[in-house]
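User: I would like to go through this model term by term, setting each label against its criterion. Please give the cut-off whenever a label comes up.

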Amino acid sequence: MKSFLRIICVIIICVAIFVFSGMRIKDIDIITNENTFFNVANNENISKEAIDNINNNIVEGNSIILLNVENPIKTNQQINDWRLVLVNLENPIPENFQIELANIDSSRQFDARAIDELNALLKAAKAAKVGDLWAQSTYRSAEKQEEIFNNKINEYMKMGKTREEAEELTRKYINESNTSEHNLGLAVDFNYINRDFEKSKAFTWLNENAEKYGFILRYRKDKVDITKVNYEPWHWRYVGVEHAQKINELDMCLEEYVEFLENNNS
Ligand SMILES: [Zn+2]
C-alpha cells in the first residue's frame with residue numbers, strides 16, 4: 001500500500017513539473033526560424049544562447065515560439081553581472097536572483113556586496129560638509145512594496161479617484177511588487193522623497209561624486225520616456241564603479257546601457 005502511495009506521489013510531482021515548466025513559456029513569444037532568431041517585440045536579433053535557454057524549457061521541443069509583443073522581455077539575462085540587473089515595469093526581478101542583505105542600521109538593509117560602498121559614500125559626503133545626507137529608504141521586501149503600492153492607491157481613491165485612475169497615478173511613482181529596484185537591495189532613496197532635494201548641496205555633490213562609489217542617478221529628467229518613471233532626484237542605484245563611470249560618460253540611463261552592452265557582446 002505504502003509503495004502504491006509513493007508511486008502516486010511521484011506521478012503527481014512529475015505531472016506538476018510538466019505543467020509548470022510548460023507554463024513558464026506561455027508568456028514568451030519568440031519566432032525562431034532555423035538559424036534566424038528574431039525578437040518580434042523590438043525587431044532585434046537575440047542571441048542563440050538566449051533562444052537555447054528558452055527552447056530548453058519547451059516541453060515538446062518545438063522550434064517555434066512566439067514573442068509577446070505587448071510585453072516584450074528584454075534580453076537582460078545575457079549580461080551576467082548582478083550589479084546590472086535591470087528591474088522595471090517590463091522586467092520583474094528574475095526568479096533566481098539571490099539577495100544577500102546586510103544591515104545599515106536597525107531598520108534598514110542593503111545588498112551585502114555593495115553596503116561598504118554605500119557607507120563610504122555617506123562618509124565622504126559628511127567629510128565634504130554637504131549638509132545632511134542619509135539613506136532614507138533602501139531595501140524593501142516584495143510584500144512591503146505591495147503594501148506601499150496598495151496604500152497609495154487607497155489614498156488616491158479617498159481623494160475621489162476611480163480605481164483605474166488611482167492605479168495609473170500610483171504607477172507614476174511607485175512600482176508594483178518585484179518591479180522596484182528597492183526589492184533588489186541595490187537602490188537608495190536619500191533624505192526626503194521630495195523634488196526640492198535637487199536644490200540641495202548634497203544632490204550637487206552626489207552628481208559629481210556618487211559614481212566614485214558605484215552609484216548613478218537612476219531616473220533622470222531627460223530619460224523619462226525610456227525609464228517610464230518620473231524624475232526622482234532622491235533615487236540612486238548601485239551598479240559598481242566602472243559601470244557607473246561608463247554610464248555617465250555615455251550619458252545613458254540603465255536601460256540604454258544594458259542594451260548597449262547586449263549589442264556589443266553579441
Ligand atoms: Zn526609490
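User: What makes residues 18–46 a stretch of low confidence, and how many contacts does the model have for them?
Analyst: The pLDDT, the predictor's confidence in each residue on a scale from 0 to 100, stays under 50 over residues 18–46. The model has 53 contacts beyond four places in sequence for this stretch, a contact being two residues whose C-beta atoms, placed from the backbone, lie within 7 Å. Residues 57–75 also have pLDDT below 50, with 45 contacts in the model beyond near neighbours in sequence. For the chain, the mean pLDDT is 78, and 72% of residues reach 70 or more. This is a predicted model, in which local features need pLDDT of at least 70 and side-chain atom pairs count only at pLDDT 80 or more, while totals for chains, interfaces and linings use all residues. Numbering starts from 1 along each chain as its sequence is written.

User: Why is I153 called buried?
Analyst: A residue is buried if 20 or more other C-beta atoms, placed from the backbone, lie within 10 Å of its own, exposed if 12 or fewer, and partly exposed in between. I153 has 20 C-beta neighbours inside 10 Å, so the residue counts as buried. I153 belongs to helix α4 (residues 142–158); helices (H or I, at least four residues) and strands (E, at least two) are DSSP runs, numbered from the N terminus. Beyond four places in sequence, I153 touches A166, E167 and T170. The C-alpha atoms of I153 and A166 are 5.1 Å apart, with these positions 13 residues apart in sequence numbering. Over the chain, 23% of the 266 residues are buried.

User: What makes Q245 partly exposed?
Analyst: Q245, a residue of helix α8, has 15 C-beta neighbours inside 10 Å and therefore counts as partly exposed. Its C-alpha atom is separated by 9.4 Å from that of A210, 35 residues apart along the chain.

User: How do you know that the buried residues of α8 are on the same side of the helix?
Analyst: In α8 (residues 241–250), the buried residues are H243, A244 and I247. They cover an arc of only 100° around the axis, which puts them on the same side of α8; the arc is taken from the directions running from the helix axis to the C-beta atoms. An α-helix has 3.6 residues a turn, so residues three or four places apart point the same way. E242 and E249 are exposed on the other side of α8. Among the elements covering the buried residues are β8 (215–217) and α9 (254–265).

User: Why is D251 counted as exposed, and what is its phi?
Analyst: D251 has 10 C-beta neighbours inside 10 Å, so this residue counts as exposed. Its phi is positive, about 60°, although D251 is not a glycine. D251 lies in the loop between α8 and α9. K129, in the loop between α3 and β6, also has a positive phi, near 55°. With 8 C-beta neighbours inside 10 Å, K129 counts as exposed.

User: What makes β7 and β9 a pair of strands?
Analyst: Two strands pair if DSSP finds at least two bridges between them. Strands β7 (residues 187–190) and β9 (residues 235–238) run antiparallel and are joined by 3 bridges, so the criterion is met. D189 stands opposite H235, and A187 stands opposite R237. β6 and β7 pair in the antiparallel sense over 2 bridges, with F190 as the bridge partner of A135.

User: Why are β6 and β8 at the edges of the sheet?
Analyst: The order in this open sheet of 4 strands is β6-β7-β9-β8, with antiparallel pairing. β6 (135–137) and β8 each have a single partner strand, so one side of each is left without a neighbour in the sheet.

User: What does the largest nonpolar core consist of?
Analyst: A nonpolar core is a set of buried Ala, Val, Leu, Ile, Met, Phe, Trp, Tyr and Cys residues joined through C-beta atoms within 7 Å. The largest has 31 residues, and A210, F215, I216 and W236 have the most contacts inside it. At least two core residues come from each of α3 (115–127), β7, α6 (201–209), β8, β9, α8 and α9. Leaving aside neighbours within four places in sequence, the contacts of W236 include V188, F190, L206, A210 and F215.
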